[in-house]
Amino acid sequence: MRGARQVKTFGRIHLTASGFAALPLLIVAAVVAALFVFPWLVASPYLLHLMILLFLSVAMGESWNVIGGYCGQYSVGHAAYFGVGAYAALMLLQYKHIAPWWGVWVAIAAALIISLLIGTICFRLRGPYFVLASIAVAEIIRLVVLNWKQLTNGAEGILLVDIPPLMLGGRLVTDWLSKTPFYYLGLILALATLLVNYLVQHSKLGYYLQAIREDQDAAHSLGINLSFYKNVALAISALLTALSGVFYGLYIGFIDPASVLGVDLSVQMVLICIIGGIGTNFGPVVGALVLVPLSEALRANLLSKFLFSIGVVQETSRVGGFLKENLAHAHVLIYGILVVVVILFMPDGVLGFGKKLIARRARPLSATPTPLVGGLDGST
Amino acid sequence: MALLEIRHLFKFFGGLAANSDIVCSVESGMIMGLIGPNGSGKTTLFNCITGYYPPTKGEIIFKGQRINGLKPDRVCKLGMARTWQKVRPLAKLSVLENVMVGALARTGSLKVARRAALHQLELMRMENRANSLAGSLSIGERKKLEVARVLATQPELLLLDEVMGGLNPVESEEIIQLILDIKKRGLTQVVIEHDMKAIMRISDRVMVLNSGEKLAEGTPQQVVSNPDVVTAYLGSAHVA
């Protein structure tokens, strides 16, 4: 009797799981295929640049999501891994002429060592104290890089001269002169971070990280070694973040402590996840899709151009001049206000908000009221 | 040999002795009731045994091994599991996933853990709630989920901290049956409970704590007829 029932329950759960998985999988496959042919169809360097920024943001968000989203440890010091990765690869390239595909391993090793150091220090603390400690350690690293001028060139940063052409078996793969190789590199990086998140979520590690996020003491009592699993999550996260840092350094070609080690970069990684939907596979993708176009539009002053084009304000009028002059400068302010609005009204991020909307629309179709008390199973 | 032995255990918080010279031994297969007024040190004792607090002095021997100083996750792996007075559901995980987290203490495979968790939920008659979020459960279901989750870690000794607190009589009765059922499966249990009727019914032995000290220990009958216990619970005027 019991055996038969168990199989049935199993079947039901299995069916719903695979039924839900099939459609999104098709969509993902189609989107990925479209992204791979995109550079053949679109020649505009600006659009390619935007896409590369988008990939970078996705990779950064997904990297942070492992420790912040699944494990619930809100590190606001992830610029440390980003910057250390970027500096390791670019310094080796610039001063020792070691190609970045070798330097990237040093970058990974450096990030892992630093993550272990930071983890050992900061994971003794919980909640807001952990957040503060993570900021502090990242700031220490920024200050060291800023002041160790002989090694890092200090505040002047490193301006990359050029990247050696990538040869494979005597054939030229790319000479890095156009944006296309960076587009594909960025795409692969974004997909890889997404895949790592998927694998983490569907493993023992993912279950343990989520248990730690929900209740550390309960997790501890269920046989979960807290510091071990937190450090594993941080190491994975740091590794991916360092890869993003290397990619950024190679693509932009210039790094300095302010741009790759600043606390605003750390905050940006957190925001991508919070806006999109924290602790979900596709949350950071959605976050990047919202934030990258938004900041780009604000930076390019699209808002005032839009107001001029629909004729609300005359470009030549006094107000128009004021807007044209100042709205672009206020882009950080507007960006901040929008972020606050999203956080206030969509606590589960845009992705969670969308899911809730869909659920609300679907409910009238299958109107099964949930029982108020659970004891309807005829027990006792 | 006793499954759990506590030898002269002391726990101080600053100058306050939350546990003072506790001596007790729990034989395999029995249910030990642990009672006492609020603040008498019952939960502190649980926290010391399971590794959340290092004891100030004394020894805790589990399965012949000294376990003071071990972290809670090590204690769990050794075969001791505890529930919490204030339930701690992993709210954003489903009921099934909650129990799976417990089962994963003994396996690395999600498939095995899922099967074990489903089995555990069926024993609790909770399989119909498997896909609900743990945060959406009623208090009675949450208490049952706590028990299902720790049972999934395959313990030999179960420490239950007020699993009946806040339940209605029907739900309490269900938990009592559950505890007796767990006993039949050969597990040893230490049960903190305020409901005297329930504790008298299920316990083989009862230990009474008062102000951190052990006041009495014996069979339920011996304990209720002990004048010290009556004084501690009802005040001295009732002893006549």
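# A tour of chains A and B

Start with chain A: the centres of its domain 1 and domain 2, taken over C-alpha atoms, are 29 Å apart. Keep in mind as you go that this is a predicted model.

**Stop 1: the domains of chain A.** Colour residues 44-162 together with 176-279 of chain A, and you have domain 1. Give another colour to residues 300-356 of chain A, which form domain 2. Now look for the place where they meet: six residues of domain 1 of chain A are in contact with eight residues of domain 2 of chain A. On the domain 1 side of this meeting place you will find four nonpolar and two polar residues, with no charged ones.

**Stop 2: chain A as a whole.** Switch to a cartoon view of chain A and you can pick out 17 helices and four strands. Of its 380 residues, 37% count as buried. How do its contacts spread along the sequence? Taking contacts in chain A between residues at least 6 apart in sequence, 75% join residues at least 24 apart.

**Stop 3: one residue in a strand.** Select A:Thr174, which sits in strand β3 (residues 171-174) of chain A. Is A:Thr174 buried, exposed or partly exposed? A:Thr174 has 16 other C-beta atoms within 10 Å, while a buried residue needs 20 or more and an exposed one has 12 or fewer, so A:Thr174 counts as partly exposed. Show its partners next: leaving aside neighbours within four places in sequence, A:Thr174 is in contact with A:Pro165, A:Leu166 and A:Pro181. For a longer view, draw a line from the C-alpha atom of A:Thr174 to that of A:Pro257; the line spans 29 Å, and the two residues are 83 apart in sequence.

**Stop 4: where the chains meet.** Bring chain B into view and select the contact between the chains, which takes 25 residues from chain A and 35 residues from chain B. On the chain A side, highlight α1 (2-41), α8 (204-214) and α9 (216-221), each of which supplies at least two residues. Which of the helices gives the most to this side of chain A? That is α8(A), with six residues. Colour the chain A side by class and you will see eight nonpolar, eleven polar and six charged residues.

**Stop 5: chain B as a whole.** Hide chain A and turn to chain B, where the cartoon shows nine helices and ten strands. Its C-alpha atoms fill a box of roughly 60 × 40 × 35 Å along the principal axes. The radius of gyration of chain B is 18 Å, which agrees with the value near 18 Å that a compact globule of 240 residues would have. Buried residues make up 51% of the chain. Of the contacts in chain B between residues at least 6 apart in sequence, 63% join residues at least 24 apart.

**Stop 6: a helix pair in chain B.** Finish by selecting helix α3 (residues 95-103) and helix α4 (residues 110-123) of chain B, which pack at an angle of about 115° with their axes 8 Å apart. Rotate the pair to view the crossing of α3(B) and α4(B), which is right-handed. Then show side chains at the contact: α3(B) brings B:Val95, B:Leu96, B:Val99, B:Met100 and B:Ala103. From α4(B), the residues taking part include B:Ala113, B:Arg114, B:Leu118, B:Gln120 and B:Leu121. By class, this contact of α3(B) with α4(B) has ten nonpolar residues, one polar and one charged.

Definitions and conventions:
Residues are numbered from 1 along each chain as its sequence is written. Chains are lettered from A and ligands numbered from 1 in the order in which they are written. This is a predicted model: local features need pLDDT of at least 70, side-chain atom pairs count only at pLDDT 80 or more; totals for chains, interfaces and linings use all residues. Domain bounds come from an automatic or database domain assignment. Two residues are in contact if their C-beta atoms, placed from the backbone, lie within 7 Å. Ala, Val, Leu, Ile, Met, Phe, Trp, Tyr, Cys and Pro count as nonpolar, Asp, Glu, Lys and Arg as charged, and the others, Gly among them, as polar. The radius of gyration is taken over C-alpha atoms; the globule rule is 2.2 Å times the number of residues to the power 0.38. Axes are lines fitted to C-alpha atoms, for helices over the stretch in contact, and angles run from 0 to 180 degrees between N-to-C directions. A crossing is left-handed if the near helix is turned anticlockwise from the far one by less than a right angle, and right-handed if clockwise.
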